[in-house]
Each structure stands twice: as structure tokens, then as C-alpha cells.
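Me: I would like a close look at a single part of this structure, the sheet and what surrounds it. Please keep the sentences short and explain each term once.

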Amino acid sequence: MGLSREAFYVLRACVDASENPRTYQRLAVESGLSPESVEATCDRLRESGLLDEGFRATSHGLESLEPHRVDNAIILAAGFGSRFVPLTYEKPKGLLEVHGKPMLEHQIEQLIDAGVSDIVIVVGYMKEAFEYLVDKYGVKLVVNPDYAVKNNLESLRCAASYLGNSYVLVADNWIDRAIFNAYEFDSWFSCLRFDGPTDEWCVDTDEAMRITGIEIGGADSLAIVGPAFFNARFSARFVELMGEYEDRADADDFYWEQILKDHIDELAMYASDQTGNVHEFECLEELRAYDISYAIDSRNEIMRFIAESFGVEEASIKDIFPLKEGVTNNSFHFSLGAEEYVLRVPGIGTDKQIDRRSEKLVYDSIMPLGISDEVVRFDADTGIKITRYWRDVRSADPFDDRDLEISMRQIRKMHDLAIEIPHRFDIGRMTADYYELAESAHAILFRDINETNRKVRRLFELKKRLGVPEILCHGDYAHINILMLPSGEGRIIDWEYAGMGDPIMDVAMYAIFAEFDKERIDLALRLYVGEEPSESEWLRLYLYIALGGFLWCMWAEYKQALGQEFGEYPMTMYRYTKDFYRELENRGAFDGIADKWDPFGVE
């Protein structure tokens, strides 16, 4: 027969009695029971031969604890930690140091000290940064490939086969006094007390501290924060429930705690009040308050860049929060006193795609026009850019006629100046490069691709025949790159792809990024020209709709070969190529143009 709950907690407290002499009063503190209950329990344990007269667990007592031995710990470390930018651009949040020790390492060492050496870490973002822990502590790494699009329920699912008598932790907590043991009985969750309103997951408990309900948000309440323990019975049922949630459309956004919340009646979980002992840092300012060294030096190159750019101490940089996380760039907000700014950090590998010195030259050229974001500092070596932050702005709505008109008017304002810079937006070179990458990755599955290639080559021959003088174009003119100010004005941002080209190409790119139909494509050109377009302007628009569609189709096909899913996007872009080739053909645009087999107009 197994141990009762009271017997387990008293016996566990007596395991090391030879090193730390016990008394009934001391055992009451350590077990959470009353002194009277402890004394009665000790009597029963002695009668059963599990405890000796000196409060030491006997060999039989130790044997009775074995079913409750902790099997392992699973630490969730896959997430990006967006609220901790810019520090998490350089390292995962769990590897940030607190008082000179990475938070994750601190928890690993506490687990090992408690006798829990089988440790599994679920990684995703910057997964390679964790590899050294295999040698240092003997941990196992499990990769969550979907960390960027799914929440931590998916991370726990990746480690489901390890769940038994298991601790479940998150990498970015700091625990002052270790709360881990070699043996555990109840499933429990670390909780912190919050005074006043909170957005945390608040719990209700009964007299025994079993959690009876969980609500997101509350006031003056205990809330779940930090590590948890799953006993084997809890784990078995939880794994079953994870399987049931796997096919739910909304499960991608779930924390694993959602299953606990939904099934709290059958999943026995107790609250362990760790107020003041477990720390969760939501942002850099909270970490600064706990570890004062971060106010002086955050050990982060981007923070140093800001401080040096403005001649301030790092402690002056406040109100940091992410604005955009993308393939090309990441950006975040910060303030210095009453002034607010945005810092843009180029994404990894973009130095191979984008010439940041050319981008800076573009900004220098257009700054007097008042049509772009207001650059405060641009470092051409790194591509880091600081601009003024505008409140109450939104992206242009391409299906709002007024927004579309402003978008076309703003880009026309820049085109009318016919600015010249030393580099081109070479759509032929880009198309050839992406086609070669997609083809080498065996990504192109369109059955009529050879016929479409022939059409694309004729499109490039038409481009040469039209011979339009090139001027500075945005190159990536999408509605998400037009900010609408409260005044009704528009501002064009993200000029990294800008270069010399046909100005109507910008109109075409705007149209296909928004996935316009032909009627709205035609409206965009009319608003851009300001009158009924000429035949030459119609030909150029349809030409770049067709060419742009093929370019971004090949880009998406290549990206899909690398594992990034784009749904219907490649087919939509491919359809632009074929439909608008036909439109040009119906207008006689290809009369006299022979088929050529040079690669996509690249000279």
C-alpha cells in the first residue's frame, strides 16, 4: 500500500535527518502540516518501520519513497522573448544573466543539486545557442520547429514522451531559493501573489491549496508563475488531453496552462506560494529593478549603440517594446525622456540581399521631400536605423479609395523629381536568381513552367523595347510600407530595396502585394497618373504586374522549399503572370518580338 499524503511529506522531510536534526516543530514547517499532525504521522511511520526514533527514514522508508522519485525536468526555452528586445536579438531570454549567472543555468544547477539530473530542454529560437549545455550539464535538447507560429503548448507536446514524474519549467525564470526535490507527491504549480489588478492567470484554491479554478486576469490574487510539477498520473492524463487538443484550430495560440484551466476539475494541481522567491521578468526595466547592473550596462550592442548615438546612459533608455518581427527586419520602440523613437535592426542574412550604404543614400536623397520616416541616425555598416516614432498611425488600407489615392500621390511626388542614384532595382537579375534557387531546390511544380518561362522571356524583351528611362523607385512599394498619419498624410517607410527602375513598377508592386483584381489595378494607375493613362502606361503597368508576379512566385517557391509555407500565394502570383501576359498579347504588345532563350532579360 502506498504512502498517504501526510506520510509522504513527513518522510521526505526526514530523508536527510542525520545532517539536519529534526524536531516535530521543524518537520511541521517543512511538511506544511500542523505539529500535532506531524507527531501522529511520525508515530504511524515508526509503527510501520519507515522511520526510526531519531527522525531518520529507514531503508524501508526510502524504498516507499521510490515511486515518487522525480524522473526528470522539462524546460521550455523555444520562444523568442519579444518583450525583451533588443537583448533577445543577440541571445535567447533564458540565457540572459542575472547576478552573473544565466537564468537557465541557475535552474539547471538547482535541479542537479536536488538530484534531478535528467533534464530535457525544448529549444527553437537561436537553438544553437543552447548546444553548449549538453557538454556542461549533460542535458538533452529537443527542437520545436514551430516555435515561431505556435505557443508553448506545442513545445510541451514536443517533449510529451518524457512526461512522467516531471518538473515543467520555463527557461526565463529566476528562483532565489531552490524549490526542487528528489521526491514529489502532489502535482503543484508555483504561484505568486499580486496586489491589485493583474493580467496574470489567477487561481482559486480550497483549504488544502488545491487549485479549483483559473481565470485570466483578476485582483489581489495568487497567480501561476514559474515551475510546475506533474506526477505520473497527472502526466498520463495530460498527454491524452494534448492529443485531443492537437487538431483544434485555435490550439496554436495556447499555453499549456490552457489545458489545465479547461480541465481543472479532473487534473489535481496544488498551488505552491512562491511569492518573493520566483521571479518573472517581463521587460528590461523589471530586470534592472532586480539586478541593478543592467541599469549601467545591459551587455547588449544595440543598447550601447543607442546610448552612444544620443550621448546618454543606458538607464535613460526606457519604454522598450517590439513593433515588428519580420523576415527582413525587426524593430522596437524606445523613449528618451519625452522623445519617442523606433530602432530598426536588419534581419540575419539581409546583408547578402541589401546594400545598406545604398539605402542610406536613398534616405539622404528623399529626406527633403517629407514623404518618408524621419531618420535620426543611420549606421551604414550595420544597417541599424533610428527614426522618430509617430503615435496613432496605421498602415494604408489598399481597398480604401482615399488611402489608395494618397499612396499613389505620395510615390508620384517622389517619382516626379526623377532622382538618380548609382544602383538599380534589377528585376531581371532578381528573377533569374530566385528561379535558379527554386529550380535547384526542386521547388517548381507547375506543369506548364517551360511555357511560362517562354512568356517571361518575351516580357523582358518587351521591357527592352519600351526603353523607359529609369529613375529612383521604392522597389518594395506595399501598403504595409505606407503609414497613414492622423493628419491624413502618408509616409513611405522601408526603402531598403529602392533603386533605379521604371516608376510604374512601383504601382504594379503595390497592386500585386495587395492582390488586386484587374479593376482595382486599373484604378491604381489612373490615380497615379491623374488622368486617363496612355497606351504606353497601360502596357508598362501590365508588364510589371506579370513580371512582379513571376518574381514573387519564384521567391515563394524557393522559401517553401526551405520549409516556410505560403498557402495560395505562389499560385496567385503565378496567375498574375499568365493573365497579364494574355492582356498584353491581346493588345498586340508582342508583335514583332521573337522568342529568346536568354535567362529572363539578364544581360
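Reply: Strand 4 and strand 5 run parallel and are joined by four bridges. Val 123 of strand 4 has Val 143 of strand 5 opposite. This is a predicted model, where local features need pLDDT of at least 70, side-chain atom pairs count only at pLDDT 80 or more, and totals for chains, interfaces and linings use all residues. Residues are numbered from 1 along each chain as its sequence is written, and side-chain values use heavy atoms, with hydrogens and water left out.

Some terms come next. Helices (H or I, at least four residues) and strands (E, at least two) are DSSP runs, numbered from the N terminus. Two strands pair if DSSP finds at least two bridges between them. Strands of a sheet pair through backbone hydrogen bonds, either parallel or antiparallel.

Now stay with strand 4, which covers residues 119–123. On its other side comes strand 1. Strand 1 and strand 4 run parallel, with five bridges between them. Ile 75 faces Ile 121 of strand 4 in this pairing.

How much of strand 4 is buried? Five of its five residues are, so strand 4 is largely enclosed by the rest of the structure. Buried means under 20% relative accessible area; exposed means over 50%, and partly exposed lies in between (1.4 Å probe, protein chains only). In a regular strand the side chains alternate between the two faces of the sheet. In strand 4, Ile 119, Ile 121 and Val 123 point one way. Val 120 and Val 122 point the other way.

What lies across these strands? Helix 6 lies across strand 1, strand 4 and strand 6. Helix 6 runs at about 160° to strand 4. Axes are lines fitted to C-alpha atoms, for helices over the stretch in contact, and angles run from 0 to 180 degrees between N-to-C directions. Contact means heavy atoms within 4.5 Å.

Helix 6 spans residues 103–113 and is mostly covered. Eight of its 11 residues are buried. Among them are Met 103, Leu 104, Ile 108 and Leu 111. Glu 105, His 106, Gln 107 and Gln 110 are buried in helix 6 too. After helix 6 comes Gly 115, with a positive phi near 95°.

Next, the whole sheet. It is open and has seven strands in the order 5-4-1-6-9-8-10, with mixed pairing. Strand 5 and strand 10 stand at the edges. Each has a single partner strand, so one side of each is left without a neighbour in the sheet. From one strand to the next, the twist averages 35°.

Move along the order to strand 6, residues 166–170. Strand 6 pairs with strand 9 in the antiparallel sense, over three bridges. Here Val 168 stands opposite Ala 228 of strand 9.

Strand 9 (residues 211–230) also pairs with strand 8 (residues 188–205). These two run antiparallel, and 14 bridges join them. One bridge partner in strand 9 is Gly 218, which is matched with Thr 198. Strand 8 and strand 9 form a hairpin with five residues between the strands. In that hairpin, Met 209 takes a positive phi near 75°.

Strand 8 has strand 10 as a parallel partner, through four bridges. Strand 10 covers residues 270–273. Cys 191 stands opposite Asp 273 in strand 10.

One loop residue links back to this region. Where is Asp 265 found? Asp 265 is in the loop between helix 10 (257–262) and strand 10. Is Asp 265 buried or exposed? Asp 265 is exposed, with a relative accessible area of 70%. Leaving aside neighbours within four places in sequence, Asp 265 is in contact with Arg 210 and Thr 212. Asp 265 and Thr 212 are 53 residues apart in sequence. In space they are 6.8 Å apart, C-alpha to C-alpha.

To recap the starting point: strand 4 has parallel partners in strand 5 and strand 1. Helix 6 lies across strand 4, and the five residues of strand 4 are buried.
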